Amino acid sequence: MVKWHIGTYARLRPPRRGHDCAKFDLGRVDDGRFSRTVIAFPPPDDDDSRMHLKQRDGLDFHFNDVFDPSISQEQVFNEVCLDIVYSALDGYNGTILAYGQTGSGKTYTITGGEHYADRGIIPRVLSTIFEEFEKRPNMRYSCYISYLEIYNENVYDLLDRSHTDRPIEEWTKILLMDDDEGDMHFRNLGVFEAVSEEEALNLLFLGNMNRVTSDTPMNQASSRSHSIFSVIIESRPVDSDMIVTSKLHLVDLAGSERVYKRDGTQRMRSEGKRINLSLHHLEQVILSLRSKRNTVSRTYHIPYRNSMLTSVLRGSLGGNCKSVFIATLNPENDFLDESISTCRFMQRCSEVAVDIAVNTEVDTEKRLEAVEKLNAELEATNFELQARGVQLENDLKAQALHFAKQEQQWERRVTLAQEETQAAIAAAKSARDRSDQVGRKVDWMQCEEIVERLLLAGDLPREELDKPRSGGEFEEARLLYDAVAQEIRDLGMATALGCLVVLKENTFFASNTAAELQELMSKQTRTVEALEQRLFEQKREAELLKEQIQSVAESQRFDIEPKTSIPRSKSHTGALRKRQPSHRRSSASGRGESSGNRDPSNSGSDSENDSEASETHEYDRPSAARLQAKLEPQSRNGKTSKRSEYSDPSISEEGQSDEKITTLRSAALTVDNPVPPPAGSPRKTGSDLIRKRMELLRTGSLFVKYGRYGKPHVRFVWCSADLEYLNYRKVNSTVPKATIPTRSIVRVCIGQDTRVFDRAKQPARAPHCFSVEYEENRTLDLEIADGESPEVKKTKRSDWVEALQFLIKLKVAPRRKTSPPRYDSADSIT
């Protein structure tokens, strides 16, 4: 929907000879958005004129444009009407209305004068419409015309040829009817199709001949009725079932006049009263439409039914219609009050705004044709499907009959084979019994050799056994079969029965072996599918890690210096201190569960079966040789078993590209809230920080780990070679006691802010402590054990916290995309 304000224009007729022109000024006003023309009437000089004109001050009236007497009909049409005509061709309703006093030039503007150059708006509209029809070959247009007049509050059809020789009192009246949607319909109004401009102009001339006119002091052929010339346009786009319709109304109102200024018959005075009354109701409708704009209620009443003129023009005044009003003014001094009244009416009309839209509807004929075509296609398809269904049903019946016959044949063969087998088994049993009775034992090795030789004969058809010897493809197999059969005959019935027994055992063994092989192949297939799925997941994780490393590198490319503080969230600290006893019980119950990566000998919890550290946390430090001897096998085992068990095979430390090294350098330089290094420590570059942190995490260090009940234990803590897991173990063991996925680490807390440290009651050691928080608010609470002085311990704590924060920065992107999986090995970590 588009807002449209009624356009207002003014046209001045030339003054008559011997008559003085009124005083008024024309000016142009441009406020940056709109350019409008102003007609300014100065205040009257004497008091009598002031009172007579009902004005005390000067008046200014704004118009879209004002045309002086020198402007031609063509210029008026191009300025006022051309846009309305093009909009009607595009589907918008339009109205062009002429309003003014008697003799001011309304009919001349609408219909034109006697010469061709003086053609009015209606002939030019018809000419433009048919010219545009020819310029738009992709549209199919139809034009329909109706012409009516409103005389003494009665509506008549001006195109009814039966009215030519009859008085107006005998004309057929047009009845107005409303439908359920509020649209107006005219009964007894003729609508004629015009296929050319000539036919349309002939209809216009016919209507003008039937129109009521009379001689007045202002005009010798003054219009005594309101006339409405309607052009209905239907357009159908090619290859479309939509119809675009529009109505263009060209209205020539009867002239308003003062009764006291004119003489005439009683009929003329009655006509003037009816004309003035209808124009009065038109002004009331305009005032109501202007007031409706400032009213919230949707049920605001518009008095359309007060007169026949407003009822007919209801769609043009406040409906879906682009309307322009032309005010015709007489500039003579004697008619100054009528000119001011006309300008005041136009001023009110310019404040009315309506919503307009294109009128479209479905072409029922085309839609019906399309439906019938689709129906025919569906019927043809249905017939084909039915025929195909019958054919398939017949084929199924034939196949079912064929399968039934084959099933009977196979049943007979199976029955015969079972009978033969049973007979052979019975014969074998009887032969074995006889041989046992005689005391002769069957040479089973010889029977197995004979059966193997018989199997070498292959699938020899029975028909070949009944035939005499002849050369062919089965000649070699036939010779072998005859040799075996002769040997069996020579060895006797006992050997034959033994061969049958061996053949039966081989058959059963072969069937069992086939079943076992099939089951083994199924297991191997499932194992291969699982390995392929695992390899696909590992490749996808490797691609995700690469993309995350690239995103971290791009986002942190310009950050060079690490940040210097780690803010501690009070709300998170409180959450750690307020753990529920149920969580402790669940953690305590989980201590008994063993991790898949722990040493079976060290499956107990740190809080129960491990040895405690001394009060001063002193312990025997191994010598460099002993420590190197312990770490070398550990590193070798870690490169083989640990990497294969925990790390992604698609990511290796030795195979890192320059892009990954740059990404890790950027991540190392942008660790959130790094711990400030102690005063006096040397400043390191990004490469040094990356190398130091990765080596620190992989090499590991000795810590005092606090169990869930606050008991300290000395543990060795390190990261896997691919930085996927954080492990810790006993000092005298090489197997991890517990493993924490680094993707589940949430944050690193400095100091003693957890409940575990509260139970330990060692506040003096807070400068050397920190906690690693991971999934479900669980913590790994550590204290630096290496270092001869407090300053060295603080430095080492700072290095570990920065390295772990760098690791969190590196793993945080995958954790945001997918939630981390749970590992049973970390369920018992406190």
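Biologist: At roughly what angle do the axes of helix α4 (residues 121-135) and helix α5 (residues 197-210) cross?

Modeller: It's a predicted model: local features need pLDDT of at least 70, side-chain atom pairs count only at pLDDT 80 or more, and totals for chains, interfaces and linings use all residues. Numbering starts from 1 along each chain as its sequence is written, and side-chain values use heavy atoms, without hydrogens or water. Helices (H or I, at least four residues) and strands (E, at least two) are DSSP runs numbered from the N terminus. With axes fitted to C-alpha atoms over the stretch in contact and angles running from 0 to 180 degrees between N-to-C directions, α4 and α5 come within 9 Å and cross at roughly 160 degrees.

Biologist: Which residues of α5 does α4 meet?

Modeller: Contact here means heavy atoms within 4.5 Å. From α4, Ile 122, Pro 123, Leu 126, Ser 127 and Phe 130 meet Glu 197, Ala 200, Leu 201 and Leu 204.

Biologist: How far apart are the end C-alpha atoms of helix α6 (residues 266-292)?

Modeller: The expected span is 1.5 Å times one less than the number of residues. For the 27 residues of α6 that should give 39 Å, and the end C-alpha atoms agree, lying apart by 39 Å.

Biologist: What is the relative accessible area of Asn 152?

Modeller: Asn 152 is in the loop between β8 (139-151) and β9 (154-157), with a positive phi near 55 degrees. Asn 152 counts as partly exposed (buried is under 20%, exposed over 50%, partly exposed in between, with a 1.4 Å probe and protein chains only). Its relative accessible area is 23%.
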